[in-house]
Amino acid sequence: MLLGRVLAAPVKGSLWAAAFHSSSFQAAAAPVWTSDSVRTGVIARKKGMTSMWDEAGSRLPVTVLQLEDVIVTDIRTKEKHGYSALQIGSTTKKEKNVSKPLRVHYENLGVGLREKVAEFKVSEDAILPIGTELSASHFVTGQYVDITAPSIGKGFAGVMKRWNFAGLPASHGVSLTHRSGGSTGQRKWPSKVFKGKKMAGRLGGTSVTVQSLKVLKVDPEENLVYIKGSVPGFDDQFVKIKDAVKLRGEKLFPKESMPPPFPTVNKQ
Amino acid sequence: MNALKTATARLVARPSIFRAPIVATKLNFSTCTPARNTAALNAKPKNVMEFVDSQLISQANADGRQELFARKNPQGVKPGSILLVETLNSTADKSTSTFMGVCIAIRRKGIDSSFTLRNIVMRVGVEQRFSLYSPLVKSIRILQKPTDLKFRRAKLFYLRDQPGKAFQPLQGLWKQEQLDKAAAVAKK
């Protein structure tokens, strides 16, 4: 039966991808959302910040994120890999900019070339076929999301910037050490500097997750998601958006939009 | 009147990067203006943030306040104009507060555009800054336009130290405003 599906599918390469490809995938029944289900996240690009006004008249800072050609590129299952997850790809790439090994890899999966790829752990009922397009309508206005992105790199940062040290006085005899950290420990005991002592070093460029940000508006035509507040990283950065992990049920999704589009919004 | 109509028609948010150069036609002495590249003018802005900004402004611009503060509008607000702003105290109740003053700064940042009014109230200088597209700003009225050559700067922060005669007409205008209000109430 699997062979019949493979012959029917116009997918080169692996049998694995063919079994899960959207052209040959046949879901047993439309999965139903439960409060224990974990939906997939998406990869978006941070486009910039603006502001909106709410009904009470207060001004809200808003970050605009755009989904660019986001599809499911691969699947991880409990049977084969030990955990269930979806690999999501974002932003198409030109063939000439991609090495041959990568090109063949995407051909075997049966999907177009993608610039950025990331995994999202999902519950088993939220698995989508390979090639499924994800759009901004996956998120619901009023829900809460977690956003992960690399923070802006600050280079080799001094102790005042990195750890908010107070430094030393500007005058009263202090010589050449106004921004330094001062003492690093005691004397004969413990006769060492403790591990993890706060010192100068590289700051930024690490992955940062901001939790429980509200989705203020979703634009399905331009694939835009408007998030209240700020998001780590600079403009045009790839960010990962997921449903907030610390909120469940009615606190996560507004009552009117329960149940959320599950496993994702249907494309008509 | 027609000049203002055509001026405001052209003020509809169109990013200037799409303004194509005027094409020189064979009829150099023709009275009709040469055709501009209308496709480029009406094209969607390529930058997402420009599109988002223009969309948010068009939603907030129900009463035409964008045209009032447009740079090219000759009847628009300029630094030095005397404005009367009515603000709702909250979106729930209908009570309003009014503030009148000289416009000393106009900050143009798309949806975040704002302007600052300065007045001298009971011998104390008071400045208030209003967000142009805030829903709490009910109405903006120009009471007096600045005469040409009087204010030659975009930001009139020097008025904080050297007010000169800039704030003198305010008292008279305020009294006139109260009289007009009373007359309007009496008519009802």
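1. A charge is said to sit over a ring when NZ of Lys or CZ of Arg is within 6 Å of the ring centre and within 35 degrees of the ring normal. Keep in mind that this is a predicted model. In chain A, Lys217(A) fits that description: its charged end sits over the ring of Tyr226(A), 4.9 Å from the centre. Another case is Arg45(A), whose charged end is placed over the ring of Phe238(A) at 4.4 Å from the ring centre.

2. Arg45(A) turns up again in a network of salt bridges, together with Lys47(A), Glu68(A) and Asp236(A). One of the links is Asp236(A) with Lys47(A), where the closest N and O atoms are 3.0 Å apart. That pair joins distant parts of the chain, 189 residues apart: Asp236(A) is in the loop between β11 (224-228) and β12 (238-243), while Lys47(A) is in strand β1 (residues 42-53). Asp236(A) is partly exposed, at 41% relative accessible area, whereas Lys47(A) counts as buried at 17%.

3. Now for chain B. Along the sequence its pattern reads α-α-α-α-β-β-β-β-β-α, which comes to five helices and five strands. The chain has 188 residues, and 31% of them count as buried. If you take its contacts between residues at least 6 apart in sequence, 57% join residues at least 24 apart.

4. Have a look at the aromatic cluster in chain B, made of Phe69(B), Phe99(B), Phe115(B) and Phe130(B). Over all chains, the structure holds four aromatic pairs. Among them is Phe99(B) with Phe130(B), a tilted pair with 6.3 Å between centres and 45° between planes. Phe99(B) belongs to strand β2 (residues 96-107) and Phe130(B) to strand β4 (residues 124-131), so this pair ties together parts that are 31 residues apart in sequence. Both rings belong to buried residues: Phe99(B) has 11% relative accessibility, and Phe130(B) has 5%.

5. Asn119(B) is worth a stop too. You'll find Asn119(B) in strand β3 (residues 114-121), and at 11% relative accessibility Asn119(B) counts as buried. A polar atom of its side chain lies 2.7 Å from the backbone oxygen of Met100(B). Leaving aside residues up to four places away in sequence, Asn119(B) touches several others, including Phe99(B), Val126(B), Phe167(B) and Leu170(B).

6. Towards the end of chain B, Arg141(B) and Glu177(B) meet in a salt bridge at 2.8 Å, N to O. Since Arg141(B) sits in strand β5 (residues 137-144) and Glu177(B) in helix α5 (residues 168-187), the pair ties together parts that are 36 residues apart in sequence. Glu177(B) is buried, with a relative accessible area of 9%, but Arg141(B) is partly exposed at 41%.

7. How many salt bridges are there between chain B and chain A? Just one salt bridge is counted there, out of 14 salt bridges over all chains. Arg59(A) and Asp112(B) form it, with their closest N and O atoms 3.0 Å apart. This pair runs from the loop between β2 and β3 of chain B, home of Asp112(B), to strand β2 (residues 59-66) of chain A, home of Arg59(A). Asp112(B) is buried at 19% relative accessible area, and Arg59(A) is partly exposed at 42%.

8. As for the rest of the interface, 16 residues from chain B and 19 residues from chain A take part in the contact. About 1300 Å² is buried between the chains, with carbon and sulfur atoms giving 60% of that area. Four residue pairs are in polar contact across this interface. On the side of chain B, helix α3 (residues 48-60) gives the most, with seven residues.

Methods. Residues are numbered from 1 along each chain as its sequence is written. Chains are lettered from A and ligands numbered from 1 in the order in which they are written. This is a predicted model: local features need pLDDT of at least 70, side-chain atom pairs count only at pLDDT 80 or more; totals for chains, interfaces and linings use all residues. Side-chain values use heavy atoms; hydrogens and water are left out. Rings of Phe, Tyr and Trp (its six-membered ring) pair if their centres lie within 6.5 Å; planes under 30 degrees apart count as stacked, over 60 as edge-to-face and the rest as tilted. Helices (H or I, at least four residues) and strands (E, at least two) are DSSP runs, numbered from the N terminus. Buried means under 20% relative accessible area, exposed over 50%, partly exposed in between (1.4 Å probe, protein chains only). Contact means heavy atoms within 4.5 Å. Buried area is the accessible area (1.4 Å probe) that two parts lose on being put together, summed over both. A salt bridge is a side-chain nitrogen of Lys or Arg within 4 Å of a carboxyl oxygen of Asp or Glu. A polar contact is a pair of N or O atoms within 3.5 Å; within protein, one must be able to donate a hydrogen and the other to accept it, and residues adjacent in sequence count only if both atoms are side-chain atoms.
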